[in-house]
Amino acid sequence: MDSKLPNEEQQPLIGSEKMDRRSFLQKSALTLTGVSLLGPFSFFDQTEGLQEYPFTMGVASGEPWPDSVVIWTRLAPKPLEGGGLTDETIPVSWEIALDQGFQTIVQKGTETATPTFAHSIHVEVDGLEPAQHYYYRFKAGNFVSQTGKTKTAPNYGADVAEMNFAIASCQNYAAGFYTAYDHLVKEDLDVLFFLGDYIYEKGSSADALRKHLPDKEITTLEDYRIRYGQYKSEPSLMAAHAAFPWIVVPDDHEVKNNWGGDGPPYDDNEAFLRRRAVAFQAYYEHMPLRKTSIPKGISMDIYRKFSFGKLAEFSMLDTRQFRTDFACSGNAEVDCAARFDPSRTMLGDNQEKWLAETLANSQSHWNILGQQVGMAQVGRKVNGSMSYGMDKWDGYAATRSRLFDNVQKNNVKNLIVLTGDSHKNWVNELHFDPDDLESPIAGTEFMGTSISSAGDGREDSPVGKELMSDNPHIKFYNEQRGYVSFRLSPQELLSEFKVIPFVTKPDAALQTIARFQVTNGIPGSKLV
Ligand code: FE
Ligand code: CA
C-alpha cells in the first residue's frame with residue numbers, strides 16, 4: 001500500500017505547538033466530554049494502538065455552503081480488509097487553514113472516530129468566509145493525513161461573475177483506470193458533482209482489468225466497506241477528492257443494479273431492504289456528507305439544494321428511493337402505456353413538492369438539477385415501433401410532465417439538467433411535449449459519460465447515429481470515457497466534453513471533443 005500514498009510532508013498538526021501526548025489528550029478531553037481518560041478505552045491506549053498509517057483513503061470535502069463545508073476522512077490501516085480497526089474509539093484532530101503550509105489556521109478541533117461509522121470522520125466546519133479557498137488535514141495518533149483543498153460557496157444573493165464546475169459518474173473499478181481524474185484534478189473547479197455509481201456491487205468478470213474486492217456480489221455492511229476501501233484507496237480518485245469539494249448523489253449501483261423504491265421486483269423484499277440499509281450506511285461513511293444524510297434504517301435524506309449566489313441554484317435529486325416500481329416490468333421492448341400513469345412517481349410526493357417549490361421560489365439566473373438517470377425522451381426503434389427505457393424518466397413520464405408544467409407555470413429561468421448513469425455523453429433538448437418537437441424547450445440536459453464503466457469507449461457509434469436520427473432533440477452523442485466541465489456566468493453556460501480514448505491502459509491523453517453553449521434567456525443549446 002505504501003507506494004500508493006501521496007508524498008505529503010508529515011508535519012506536526014498544530015502549527016508551532018508541540019504536539020506531545022499530554023497536550024493532545026487535554027485537547028481531546030476538552031471536546032470529548034464524558035469519556036474517561038483513565039478508563040479501559042482511554043485515548044492513551046487507543047492512539048498507542050494505531051501503529052500503521054490510517055489515512056489510506058485520503059481526505060475529502062463536500063457540501064459547500066457560504067459559511068461551511070464538510071471535511072471527511074476515515075481511519076483504515078487496512079482498507080482492503082474492512083479497515084483494520086475493531087472496537088476502538090480514536091480521537092482525530094483536524095485543522096483548516098487559509099494556506100497550504102498551515103501558517104494561518106482559522107479553525108481546529110477534535111472528533112471521535114467510532115466503529116459505528118467505520119472510523120469515518122465528517123466535520124461540518126462552520127463560521128467560514130464565502131467564496132474562499134481553504135486547506136485542511138487530520139491527525140490521529142502520530143499520523144498526519146494528506147492535505148485537502150476546498151472552497152466555500154459565494155454568499156447568498158451575491159453577484160457571481162463566473163463559476164466552474166464539472167460532472168462525473170460511473171467509476172467501475174473493474175472496468176478501467178481512473179485516468180480521467182488525473183486530468184480532472186488540473187481543472188480549477190469550484191465544485192465537482194458526482195452523479196452516481198460511485199461503486200459497483202457485482203463481483204468481477206473473468207476478463208476484468210482489476211478484480212473487485214471482495215470478488216463477489218456485495219450484500220453485507222462488511223462487504224460494502226471493503227468495496228469502498230478498494231475504490232477510495234485508488235490514488236487518482238483520492239487526488240480528485242483532495243482537489244476540490246464534491247457534491248454527491250448515489251444512483252443504483254451503490255446499492256444494487258436498477259433498484260427502485262422499496263425493492264420490487266426483487267423476490268425477497270425484506271432481504272433487499274436490509275441490504276439497502278447497509279448500502280446507505282456504507283455510502284454515508286465514505287462520502288463527505290452532512291449529518292442530515294446519516295441513514296435512518298432503510299431511509300437516507302439525500303435530496304438537497306445548493307446556492308451559488310444569484311448565479312445558480314443546484315437541486316440534487318434522489319430518483320431511486322421514492323420511485324414506483326418499473327412500468328411494464330421494466331420491459332423496454334413493448335408499447336407501455338403504464339409509463340404515462342400519473343399515479344406512478346419518480347420522486348415521491350414530498351420530493352416532488354420540494355422541487356416544485358424550490359424552482360418556483362428561485363431568484364437565480366440558472367436553475368440546475370443534478371440527478372441520476374436520463375430525463376430526455378429517447379426512443380429506439382424496435383421492429384418499427386418506438387421503445388423507451390423504463391429505468392429512466394421515460395418510465396415515469398407523468399412526473400416529468402408535472403415538472404415541465406411547473407417550469408412553464410412559474411416561468412423558471414434557464415433550466416439545466418445534469419445527468420449520470422448512461423456511460424455516454426449527450427446533449428438533449430427537453431421539450432415541454434416530448435412527442436412534439438415544435439413545442440417550446442423547457443431546458444437542456446447534459447448527460448455525462450462514465451469515468452471508467454463499460455471500459456474503452458468508441459469514437460464512432462452506429463447506435464448514436466440511429467438515436468440522433470430517430471430523436472432530433474439529441475444534439476450530441478458520444479461513447480468515450482471522461483467528464484464534462486462547465487463555465488457558468490450570468491450570460492451563458494459553456495460546456496466542454498472532455499474524453500480519453502482508452503481506460504484499459506494507463507495514461508490516456510485528454511481531448512475536448514465538443515463545446516455546447518446555452519445563452520441566458522434563450523432555451524436550447526448550440527454547438528460552438
Ligand atoms: Fe453506471
Ligand atoms: Ca446507474
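## Starting with the disulfide

A disulfide is a pair of cysteine sulfur atoms within 2.5 Å. By this rule the structure above, which is a predicted model, has a count of 1 disulfide. Its partners are Cys328 and Cys336, and their sulfur atoms sit 2.0 Å apart. The link of Cys328 and Cys336 is right-handed, with 90° about the S-S bond.

How exposed is each partner to its surroundings? Cys328 has a relative accessible area of 27%, so it counts as partly exposed. Cys336, at 3% relative accessibility, is buried. The cut-off behind these two labels is 20%, under which a residue is called buried.

## The iron site

Let us turn to the metals, beginning with iron. Which residues coordinate the iron ion (ligand 1)? Cys170 does so through SG, Asp197 through OD, Tyr200 through OH and His423 through NE2, at 2.0 to 2.4 Å. Read along the sequence, the spacing of these donor residues is C-x26-D-x2-Y-x222-H. Cys170 is found in the loop between β9 (163-168) and α3 (179-184), while His423 belongs to the loop between β17 (415-419) and β18 (425-431), so this pair ties together parts that are 253 residues apart in sequence.

Why is the arrangement around the iron ion (ligand 1) irregular? The angles subtended by the 4 donor atoms run from 88 to 167°. Four donors count as tetrahedral if all angles lie between 85 and 135 degrees, so an upper value of 167° for the iron ion (ligand 1) does not fit that class. For orientation, the ideal angle at a metal with four tetrahedral donors is 109.5 degrees.

Both Cys170 and His423 are buried. For Cys170 the relative accessibility is 1%.

## The calcium site and the shared aspartate

The second metal is the calcium ion (ligand 2). Its coordination comes from Asp197, which is listed with OD twice, and from OD atoms of Asp251, Asp252 and Asp421, at 2.2 to 3.1 Å. In sequence, the donor residues of the calcium ion (ligand 2) follow the spacing D-x53-D-D-x168-D. One pair here links distant parts of the chain: Asp197 lies in the loop between β10 (191-194) and α4 (221-232), and Asp252 in the loop between β11 (246-248) and α6 (269-286), 55 residues apart.

What connects the two metal sites? Asp197 bridges the iron ion (ligand 1) and the calcium ion (ligand 2), with 3.9 Å between the ions. Asp197 is buried, with a relative accessible area of 1%. Asp252 is also buried, and its relative accessible area is 1%.

## The largest pocket

Now for the open space in the model. The largest pocket holds about 630 Å³. Its lining is made up of 28 residues, and those nearest the centre are Arg380, Tyr388, Gly389, Met390 and Lys392.

Which elements each supply at least two residues of this lining? They are β15 (379-382), β16 (385-388) and α9 (462-470). By class, the lining of the largest pocket has 12 nonpolar, 8 polar and 8 charged residues.

## Enclosed cavities

How many cavities of 30 Å³ or more does a search of the whole structure find? The count is 3. The largest cavity has a volume of about 60 Å³, and its lining includes Met375, Arg400, Phe404, Glu429, His431 and His473. Both α8 (397-409) and β18 supply at least two lining residues each, and the largest share, 3 residues, comes from β18. The lining of the largest cavity divides into 6 nonpolar, 3 polar and 2 charged residues.

The second largest cavity has a volume of about 50 Å³. It is lined by Leu347, Glu352, Leu355, Ala356, Thr399, Arg402, Leu403 and Asn406. Here α7 (349-361) and α8 are the elements that give two or more residues, and α8 contributes the largest share, 4 residues. The classes in this lining are 4 nonpolar, 2 polar and 2 charged. Helix α8 therefore appears in the linings of the largest cavity and the second largest cavity.

Notes:
Residues are numbered from 1 along each chain as its sequence is written. Chains are lettered from A and ligands numbered from 1 in the order in which they are written. This is a predicted model: local features need pLDDT of at least 70, side-chain atom pairs count only at pLDDT 80 or more; totals for chains, interfaces and linings use all residues. Side-chain values use heavy atoms; hydrogens and water are left out. Donors are N, O and S atoms within 2.8 Å of the metal (3.2 Å for Na, K and Ca); water is not among the atoms, so sites may look incomplete. Four donors count as tetrahedral if all angles lie between 85 and 135 degrees; four count as square planar and six as octahedral if opposite donors are over 155 degrees apart and all others between 65 and 115; anything else is irregular. Buried means under 20% relative accessible area, exposed over 50%, partly exposed in between (1.4 Å probe, protein chains only). On a 1 Å grid over the protein atoms alone, a cavity is a set of points where a 1.4 Å probe fits but cannot get out, and a pocket is an open set with protein on both sides within 12 Å along at least five of seven lines; lining residues have an atom within 4 Å of a point. Grid points are joined across faces, edges and corners, and a volume is the space filled by probe spheres set on the points. Ala, Val, Leu, Ile, Met, Phe, Trp, Tyr, Cys and Pro count as nonpolar, Asp, Glu, Lys and Arg as charged, and the others, Gly among them, as polar.
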